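Good morning, and thank you for coming. Please look at the sequence and the structure on the screen while I go through the chain, beginning with its overall build.

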Amino acid sequence: MTSAFANLQKSIYSCASAKISGTVRSITGMTLTVSGLEAMAAIGSQCRVHTPAGHIDGEVVSAQGSDLCVLPFGTWEGVSVGNTVELIEHDDMVSPDDSWIGTVVDALGRPLTQYTRARRPRRKTRFRANPPGAFDRKKVGEKLETQIKCIDIFTPICRGQRMGVFAGSGVGKSTMMAMLARNTDADVIVIGLIGERGREVQQFIQEDLGEEGMARAVVVVSTGDEAPLLRKQAALTTTAIAEYFKSTGKQVLLLLDSVTRFAMAQREIGLARGEPPTLRGYPPSVFSELPHLLERAGPGMAAEGDITGLYTVLVDGDDMNEPIADAVRGIVDGHLVLDRRIAEQGRFPAIDLQKSLSRMLPGCHSPEEYEITKVARKALGRYADMEDLIRLGAYKAGSDPETDQAITFFRAASPFLSQSRGDKTPAAEGFADTYRMILESGIDDPLRSFFEERARAEATPAQ
């Protein structure tokens, strides 16, 4: 009996798993039409096309009757009508663990560098997951110190918050993301480089991020020359890795650069499967995919950590109201706007403080900090209103006391807010320096009422 059971077990283990296959019917551009898989394959299923030279993987993106539309994770070079198409089962998951920290992976989670420790997959995480329910999440947590003065004082970020970073090309977006990765108080940093220039990947990792940043980071890379499916997949993989570390109780900082290239990849996919173009050629699926991706970040459930997400938006022609920028701004919990004019003046990070905001204010600042921020922002706003007249020499000093104070404050604050890549300034020190500059500019003391109230409380005898 035992021998018969052993023989049966051996036969079961030696059997090859059943393969589900179909056939290539036609090829039009990047679209492959496949028949024979319609009963088993679903939208998002991965397929493998076998050719005489090897195999090419793809994904089902639409179905019309008995025909499936498949797009490649590359190109269909070498594929011909009649080739066998095999359905790949259980290939929609990634298996991150702590050994991934300090490494670089591709859009499908495959290593591009050697792992620092032996890989020990614990459990699989789906690339595509539903965002947590509205009532399953915790509230947004305490303030997250970035040690970047502009952000900590004027646009603070809290644990579980999602911020958009809006900028044109060449305004210092990647450098600021690297500063956030190096300075922010988080357990794990997950960085997605979507559609990045190939030559800049190693430069970002070795120079901008450096050993200090990579020591607690996982970097997902998909360069601009890769297929749209891989560029889209890289964003999903980045988010799935962040979700894994969040589920283990870690505080995760998710940096995705950029959402615009994710949207462009989805545009190519949508147009290939026959969707009608709408706003600036973007099909409707782009505007349904964006909230699904961005809502996966945020506060976790009771026993979990949080994902603090920063998503860069590469605005077309510096137009902050273009469709993707407008859609993202309506989803996230605040935005940082990088201005080319400020960058040209040599101030980095080139954050336009008048156009940037955090929806966590005023709650994430103490009352004293919020008063300092309000007065400083008002003075900078006053200078911005009068800047053209001041530069032309049309404003005469002494004409308006508020404007004189704003000019004095701006001249002190502008170099103060400039920060090089390696600089770190604790938030408390930044507020103290801002308060000092306010007083030195002749502006009324914003904390006078707090000091007077404290003095009265100390003078009142205890009952």
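Helices, in what follows, are DSSP runs of H or I with at least four residues, strands are DSSP runs of E with at least two, and both are numbered from the N terminus. By that count the chain has 13 helices and 19 strands. This is a predicted model, in which local features need pLDDT of at least 70 and side-chain atom pairs count only at pLDDT 80 or more, while totals for chains, interfaces and linings use all residues. Residues are numbered from 1 along each chain as its sequence is written, and side-chain values use heavy atoms, with hydrogens and water left out.

First, the chain as a whole. Along its principal axes, the C-alpha trace spans about 95 × 55 × 40 Å. I shall call a residue buried under 20% relative accessible area, exposed over 50%, and partly exposed in between, with a 1.4 Å probe and protein chains only. Of the 463 residues, 51% count as buried. Contact will mean heavy atoms within 4.5 Å. Among contacts between residues at least 6 apart in sequence, 71% join residues at least 24 apart.

Let us turn to the barrel. Two strands are said to pair if DSSP finds at least two bridges between them. In general, strands of a sheet pair through backbone hydrogen bonds, either parallel or antiparallel. Here six strands close into a barrel in the order β1-β2-β5-β4-β3-β6, with antiparallel pairing. From one strand to the next the twist averages 45°; axes here are lines fitted to C-alpha atoms, for helices over the stretch in contact, and angles run from 0 to 180 degrees between N-to-C directions.

Within this barrel, I would draw attention to strand β2, residues 31-35. Why is β2 described as largely enclosed by the rest of the structure? Five of its five residues are buried, so the description follows. In a regular strand the side chains alternate between the two faces of the sheet. In β2, T31, T33 and S35 point one way and L32 and V34 the other, and all are buried.

The neighbours of β2 can be followed on either side. Strand β1, residues 21-28, pairs with β2 in the antiparallel sense over five bridges, and V24 stands opposite V34. These two strands form a hairpin with two residues between them, and G29 in the turn has a positive phi of about 60°. β2 also runs antiparallel to strand β5, residues 67-72, to which four bridges join it; T33 has C69 of β5 as its bridge partner. β5 is in turn joined by six bridges to strand β4, residues 54-64, again antiparallel, with Q64 opposite D67.

Next, a parallel arrangement further along the chain. Strand β13, residues 188-196, is mostly covered, nine of its nine residues being buried. β13 pairs with strand β14, residues 217-223, in the parallel sense over seven bridges, and I189 stands opposite A217. Between these strands the chain crosses through helix α4, residues 198-214, and this β-α-β crossover is right-handed; that is, with the strands pointing away from the viewer, the path from the first strand over the helix to the second runs clockwise. Six bridges also join β13 to strand β15, residues 252-257, in parallel, where L193 stands opposite D257.

D257 leads to a backbone feature: a cis peptide bond joins D257 and S258, with omega about 10°. S258 lies in the loop between β15 and α6. Another cis peptide bond joins F348 and P349, with omega about -5°, and P349 lies in the loop between α9 and β19.

Two residues deserve mention for their phi angles. Q147 is not a glycine, yet has a positive phi of about 65°; it lies in the loop between β10 and α2. Is Q147 buried or exposed? At 19% relative accessibility, Q147 counts as buried. R280, also not a glycine, has a positive phi of about 50° and is partly exposed, at 47% relative accessible area.

Finally, a helix pair. Helix α10, residues 367-392, and helix α11, residues 401-417, pack at an angle of about 100°, with their axes 8 Å apart. The two helices are therefore roughly perpendicular to each other, a label for 65 to 115 degrees, where angles under 35 count as roughly parallel, over 145 as roughly antiparallel and the rest as oblique. Among the residues making the contact are L380, Y383 and M386 of α10 and I407, F409 and F410 of α11.
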